[in-house]
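Subject: A structure for you to explore

Hi there,

I'm passing along a structure that I thought you might enjoy looking through. Please open it first, and then read on for what I found.

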Amino acid sequence: MLKKVLFIIISLTLPALLWADELKLNQNAPKTYVVVKGDTLWDISGIFLKQPWLWPKLWRLNPEVNNPHLIYPGDVIRLVFDEQGRPMLVKGKPELKWSPQVRTQLKDQSPISTIPLHIVAPYIKYDSMLTDEQMTDLPYVIGGEDGYKSNLDHFKVYVNGDLAVGNSYAVYEKGDEIIDPETEEVLGRHIILVGAGKALRAGDQANSEPATLFLEGVKREVRANAIVLPVNEGQLYPSYFTMQAVDDSVRGSIIKSTSDVREFGKLEVVMINRGLAHAVKQGDVMSIKRTSPSIIETGSGPVYTKEASKWNRLGGSDNSDYVMPEEPIGKMMVFRVYDQVSMALVLKTHKPLRLQDIVTAP
């Protein structure tokens, strides 16, 4: 009898074990969950899965949720298993047979999405990076019609370059250099959108005649030396990001936050010192880690290195008698990739993040 019970148990669990490399359920995953306003598929899948970026597999068999925009606050999500023992999420009753249904329209509620686009969009539009080499031949503002150093909406500014009359252009202010803390190499320069405008005069650079740009939608003062680019250049993105774990070989660090604050958290956009050259792709999910404080042994016992006396720190401020572990503190998703740098959105963190925090495969 015992052998028969064991055989039944093994038969039921074996399919799930075969899928273990793809979907791993959290030990305390609930059987049901009620969607609340502000949830994303990432958030919901993270409640059930150890790898939230695999959320498409978790929702794979339910025709009611093959479109993320059909999940609304108040919906009851249930964890069930298919005939092969694979986990999946369904709405309503935990049955594996469905029939066509017409959904009641919820007028006062908005469907949830994978990542809130109203959060991501401003950063995708406004922040970018260029190398000095890339900026060498770009058009730039040389001044304005009234001789002011700062130009605002409805001002005409002159551009040292040839523009297409009637086309719209974005104006970027040059920001700080982006430096790799590991190699001290300058990877590029942060550029910030300060406004946009429409070309009124094409200009003729060969004869030193500037183009004329009529400013519209200025976010901050436009000054001389601001670079000018077509509004859509480098801003084409997929309608949604397919999330996947970054390659195991990738290891880098956070080198800049777009808010330029000392500490930052969830939904901050950051830059990391890894890009196309390191096999980083759009949609890559990365784990954010931090090495625990170093410790040294002294005559009176172990102390943190930063609190030790100069005598005990003769080996250097980073000296440690132990190889301290790296603890995970958050997750991020890459949404824009350059050659040596990528921009990522912080999806989750349980403590404030800092520059030079480590990023690795999750």
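How many bridges join strand β4 to strand β8, and do the two run parallel or antiparallel? There are 4 bridges between β4 (residues 127-130) and β8 (residues 186-201), and the strands run antiparallel. One pair to look for is L130, which stands opposite R189 in β8. Before going further, please keep in mind that this is a predicted model.

First, the whole protein. Its secondary structure comes to 5 helices and 21 strands. The protein has 362 residues, and 40% of them count as buried. Among the contacts with a separation of 6 or more, 69% are between residues 24 or more positions apart. The accessible surface comes to about 20,700 Å², and carbon and sulfur atoms account for 53% of that.

Now back to β8, where I spent much of my time. Strand β7 (residues 168-179) also pairs with β8, in the antiparallel sense and over 10 bridges. Together β7 and β8 form a hairpin, with 6 residues between the two strands. Have a look at E184 in the turn, which has a positive phi of about 60°. Then there is strand β9 (residues 211-216), joined to β8 by 5 bridges and running antiparallel to it. Here A196 stands opposite E216 in β9.

A good residue to click on is R189, which is found in β8. You have already met R189 opposite L130, and R189 is also the bridge partner of E177. What lies 2.8 Å from a polar atom of the R189 side chain? It is the backbone oxygen of G175. Leaving out residues up to four places away in sequence, R189 touches several others, including S128, M129, D132, M135, K174 and I178.

One more stop is P210, in the loop between β8 and β9. Is P210 buried, exposed or partly exposed? With a relative accessible area of 31%, P210 is partly exposed, because that value falls between the cut-offs of 20% for buried and 50% for exposed. Setting aside neighbours within four places in sequence, P210 is in contact with I142, Y158, V159, R201 and G203. You can also compare P210 with G143: they are 67 residues apart in sequence, and their C-alpha atoms are 9.9 Å apart in space.

Enjoy looking around, and do write back with any questions.

Best wishes

How values were computed
Residues are numbered from 1 along each chain as its sequence is written. This is a predicted model: local features need pLDDT of at least 70, side-chain atom pairs count only at pLDDT 80 or more; totals for chains, interfaces and linings use all residues. Side-chain values use heavy atoms; hydrogens and water are left out. Two strands pair if DSSP finds at least two bridges between them. A polar contact is a pair of N or O atoms within 3.5 Å; within protein, one must be able to donate a hydrogen and the other to accept it, and residues adjacent in sequence count only if both atoms are side-chain atoms. Contact means heavy atoms within 4.5 Å. Buried means under 20% relative accessible area, exposed over 50%, partly exposed in between (1.4 Å probe, protein chains only). Accessible areas come from the Shrake-Rupley method with a 1.4 Å probe; for residues, only the protein chains shown count as cover.
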